[in-house]
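Okay, thanks everyone for squeezing me in. Have a look at the model on the screen, and I'll talk you through a few parts of it.

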Amino acid sequence: MLAREWVVVTDQRTGLGWLATQLWGERVLIASAVFVGFMMWLAGLHLGWVSFAVLLLVIAGLLRMERRAVEAGRRTMAVAPAAPVVEVAPPAEDLTPISAVLGALDAPALLLSARETVKLQNRAAEAIFGQIPQGSDLAGRIRAPSILDMVRDAIGSGQPRETEHAERLPSETVYVVRVAPLAGPTTEPLWLLTFRDVSQARRIDRMRSDFIANASHELRTPLASLRGFIETLQGPARNDLKAHERFLTIMHEQATRMSRLVDDLLSLSRLELRSNLAPDQTVDLVPLLGHVRDSLQPLASDLGVEIALDLPAHPVTVAGDRDELVEVFENLLENACKYGQEGKRVDVALSGGEGAPAELSVTDYGPGIPPEHVPRITERFYRVNVEASRSKKGTGLGLAIVKHILTRHKARLVVKSEVGKGTVFTVKF
Ligand code: ADP
């Protein structure tokens with residue numbers, strides 16, 4: 001009960017409390033009326049009760065209007081500060097998770113806004129484009145029109161886009177550039193621009209197609225010659241026995257050249273298949289080099305070249321495949337005899353063993369190799385002089401095979417040559 005009475009007394013909408021509240025709310029009006037009445041009385045104006053009531057009503061109306069205006073102003077002021085907050089600074093989006101993901105990518109990546117400005121970049125992108133201040137225009141950093149058009153098109157359509165872009169400097173690099181919308185992490189639409197380096201894959205593709213073109217060309221030449229001779233033998237030289245003998249000798253040479261080429265191609269392909277397998281035998285190079293020298297002795301004698309061997313008295317063993325190492329040393333010795341023929345001498349020296357790494361050098365005293373060709377002579381079909389190589393029964397694959405085998409044996413080939421003085425091929429195990 002007590003509680004209820006207390007509630008009634010304090011409810012300002014009824015009873016004495018309400019009256020008191022209303023009078024207090026109109027205190028300015030009452031004070032103004034009393035003040036006006038007092039001033040009129042001072043001025044000697046004695047108004048009737050009706051005139052006085054009308055005057056009071058006018059003052060009350062004016063005060064109400066003034067109060068409403070003040071309240072309206074107060075409401076406007078309460079709303080006004082909210083407007084600039086919405087327009088100028090939307091609540092900052094937290095990009096930390098995206099930044100962490102970009103940081104873990106090894107491919108260059110940029111996070112873009114829909115206004116084509118850069119919001120984030122990862123380290124890989126920094127290495128290429130330098131540091132891009134946040135908010136910079138993408139067009140200020142990437143000048144390639146193909147990339148900028150692609151980004152614009154993607155943002156316009158809302159769909160991912162991809163293009164290819166090649167850089168010439170500092171080295172030729174080909175990128176597949178992709179831009180895609182980043183769904184979800186923020187309310188602001190964001191775009192991820194990534195650069196995938198495909199140079200290595202393109203280089204391998206080009207090498208493969210060059211290789212096929214070269215191999216076909218190498219086979220086509222002796223094949224065309226064979227067909228020519230066959231047609232001649234069937235036609236104009238049908239009854240010419242002397243021509244038969246001459247042509248058949250050339251045809252035999254051409255067929256042998258083709259089979260050498262096919263053998264080398266097969267050898268290369270076998271090596272490629274085994275390139276990841278380390279050799280599992282151990283080979284003593286001392287007797288092996290004696291064997292190689294013996295097998296090349298007939299060729300050296302034909303060319304008037306002396307092969308001098310300098311071998312240690314102790315074994316020099318390496319982990320390796322015997323047949324493959326024979327192929328390496330035969331190639332190097334044969335080249336030294338063929339191309340260094342005019343030096344009339346080839347020195348083969350072996351060192352190492354007993355704990356020291358094995359090293360073999362093959363030195364000739366021929367015309368040497370001009371420096372601009374040296375870095376390329378281990379490429380497939382690369383020859384300093386194509387005609388000289390062909391006349392010496394070369395296929396252009398010998399040193400490519402040597403390089404492949406040595407890579408599998410974790411050995412290095414070092415070539416030192418001086419034009420007019422000769423060449424040294426060194427194999428370092
Ligand atoms: P080829 O079958 O033509 O001999 P190689 O791969 O063995 O192919 O050698 C590539 C080229 O390197 C040769 O055509 C030749 O021009 C050059 N070359 C290799 N060895 C020597 C050498 N000892 N002296 C001079 N030139 C050499």
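Let me start with helix 12 and helix 14, whose crossing is left-handed; that term means the near helix is turned anticlockwise from the far one by less than a right angle, and clockwise would make it right-handed. Before I go on, this is a predicted model, so local features need pLDDT of at least 70 and side-chain atom pairs count only at pLDDT 80 or more, while totals for chains, interfaces and linings use all residues. Residues are numbered from 1 along each chain as its sequence is written, and side-chain values use heavy atoms, with hydrogens and water left out.

Back to the helices. The axes of helix 12 and helix 14 (residues 398-408) come within 9 Å and cross at roughly 140°. Axes here are lines fitted to C-alpha atoms, for helices over the stretch in contact, with angles from 0 to 180 degrees between N-to-C directions. Helices are DSSP runs of H or I, at least four residues, and strands are runs of E, at least two, numbered from the N terminus. On the helix 12 side, Glu324, Glu327, Val328, Asn331, Leu332 and Asn335 meet a set in helix 14 that includes Gly398, Ile401 and Ile405. Contact means heavy atoms within 4.5 Å.

So what does Ser267 touch, leaving aside its neighbours within four places in sequence? Glu327 and Ile401. Ser267 sits in helix 10 (residues 241-274), and it's buried, at 7% relative accessible area. Buried is under 20%, exposed is over 50%, and partly exposed is in between, using a 1.4 Å probe and protein chains only.

Helix 12 (residues 322-339) also packs against helix 11 (residues 285-303), at about 35° with the axes 9 Å apart. That crossing is right-handed. Among the residues making the contact are Leu288, Val292 and Leu299 of helix 11, and Leu325, Phe329 and Leu333 of helix 12.

Now the sheet. It's open, five strands, order 2-1-5-4-3, with antiparallel pairing; two strands pair if DSSP finds at least two bridges between them. Strand 2 (118-121) and strand 3 (161-167) are at the edges with a single partner strand each, so one side of each has no neighbour in the sheet. Neighbouring strands are turned by 25° against each other on average, direction ignored. A hairpin takes strand 3 to strand 4 through five residues, and seven bridges join the two. Thr163 stands opposite Val177, and Glu167 opposite Thr173. Helix 8 (residues 145-157) lies across strands 1, 3, 4 and 5, at about 170° to strand 3.

Last bit: aromatics. There are four aromatic pairs, counting Phe, Tyr and Trp rings (the six-membered one for Trp) with centres within 6.5 Å; planes under 30 degrees apart are stacked, over 60 edge-to-face, and the rest tilted. Phe211 and Phe381 make a tilted pair, 5.8 Å centre to centre and 35° between the planes. Phe211 is in helix 9 (residues 199-234) and Phe381 in the loop between strand 10 and helix 13, so the pair ties together parts 170 residues apart in sequence. Phe381 is buried, at 9%. Elsewhere, Phe129, Tyr175 and Phe195 form one cluster.
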